[in-house]
Amino acid sequence: LLSSNSAMLASSRLLSLSRTLSPPTPASLLTMSYASRSARLIVPGGGAPSAFHRKGCRAMSSVPPAVTPGKLLVCGVSKKGALGLGASVTKSQEPAEVACTEKVVDVACGMYFTVFATETGKVFTMGDNSNGELGNPHFGKNSFDPVAVEGLDGVKITQVAAGTAFALALSADGQVFSWGYGGSSWAGAGALGHGDKAPRPLPTPIA
């Protein structure tokens, strides 16, 4: 894993670059994993990615206030299944659709995993599960296809975020859940916000 300093530097460079590019359309979402060099984006109605998306995959954009639900398209290297395109796909040079029966409203990328939320409030993950990143302990070390995050029954998730090896989810009523790797290179700090460095294989509400 990259050190926190390396990750912060990489993120800063990406954010600086994003300011030099034209912003994405309000109905579009683009995020990027600087480590896996994989881009994931939502295209409303399943249309083709815009020129910005094709040329701006190095940019990291913020989540628009209101994203039109759409299909999830991915491209890049599918290390440990991060693209969610199946075990036979190791990389994709063009945006490819992730199989999902629901429309997607938010997506985030970790080191080797992806997490996304659907318009019904469900959360799915794919990729590495070495530290519990998938939020589902029944899939071993990784999954090449999207899997449903467990432990969120009756909770509607509206937004997701990801760190190197952990994920966060925000519910419609303002509750934040975290799961995955709980450690940190910073002394006394924990990544999940529970007052310790223990990993959490399932979503746990932050008090």
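In this predicted model, Leu152 makes a good starting point: leaving aside neighbours within four places in sequence, Leu152 is in contact with Val123, Ile157, Phe177 and Pro203. Leu152 also belongs to the largest nonpolar core, a set of 14 residues. Val115, Val123, Leu152, Ile157, Val160 and Trp179 are the members with the most contacts inside this core. Several strands come together here, with at least two core residues supplied by each of S5 (104-109), S6, S9 (157-162), S10 (166-171) and S11 (176-180). Strand S6 provides the largest share, 3 residues. Apart from this core lies another one, of 10 residues, and Val74, Val104, Phe124 and Met126 are among them.

Strand S6 deserves a closer look. This strand spans residues 113-118 and includes Thr114. Thr114 has a relative accessibility of 0%, so this residue counts as buried. A polar atom of the Thr114 side chain lies 2.7 Å from the backbone oxygen of Ala82.

Attention now turns to charged residues. Side chains of opposite charge can pair when their charged atoms come close. The model holds 4 salt bridges, and three of the pairs are described here, beginning with Asp128 and Lys80. The closest N and O atoms of Asp128 and Lys80 are 3.7 Å apart. This pair links distant parts of the chain, 48 residues apart: Asp128 sits in strand S7 (residues 123-128), while Lys80 lies in the loop between strand S3 (70-77) and strand S4 (91-97). Asp128 is buried, because its relative accessible area of 5% falls under the 20% cut-off. Lys80, at 34% relative accessibility, counts as partly exposed.

A salt bridge also joins Lys122 and Glu102, with 3.1 Å between the closest N and O atoms. Lys122 is found in the loop between S6 and S7 and Glu102 in the loop between S4 and S5, so this pair ties together parts that are 20 residues apart in sequence. Here the lysine, Lys122, is partly exposed, with a relative accessible area of 45%. Its partner Glu102 has a relative accessibility of 17% and therefore counts as buried.

Another salt bridge is formed by the side chains of Asp196 and Arg200, at an N to O distance of 3.2 Å. In this pair the acidic residue, Asp196, counts as partly exposed at 33% relative accessibility. Arg200, in turn, is buried, with a relative accessible area of 18%.

Key:
Residues numbered from 1 in each chain as written. Predicted model: local features only at pLDDT ≥ 70, side-chain atom pairs only at ≥ 80, totals over all residues. Heavy atoms only, no water. Helix = DSSP H or I, 4+ residues; strand = E, 2+ residues; numbered from the N terminus. Buried < 20%, exposed > 50% of the residue type's maximum accessible area, 1.4 Å probe, protein only. Polar contact = N/O pair within 3.5 Å; in protein donor to acceptor, adjacent residues only side chain to side chain. Core = buried A, V, L, I, M, F, W, Y, C linked by side-chain atoms within 4.5 Å. Contact = heavy atoms within 4.5 Å.
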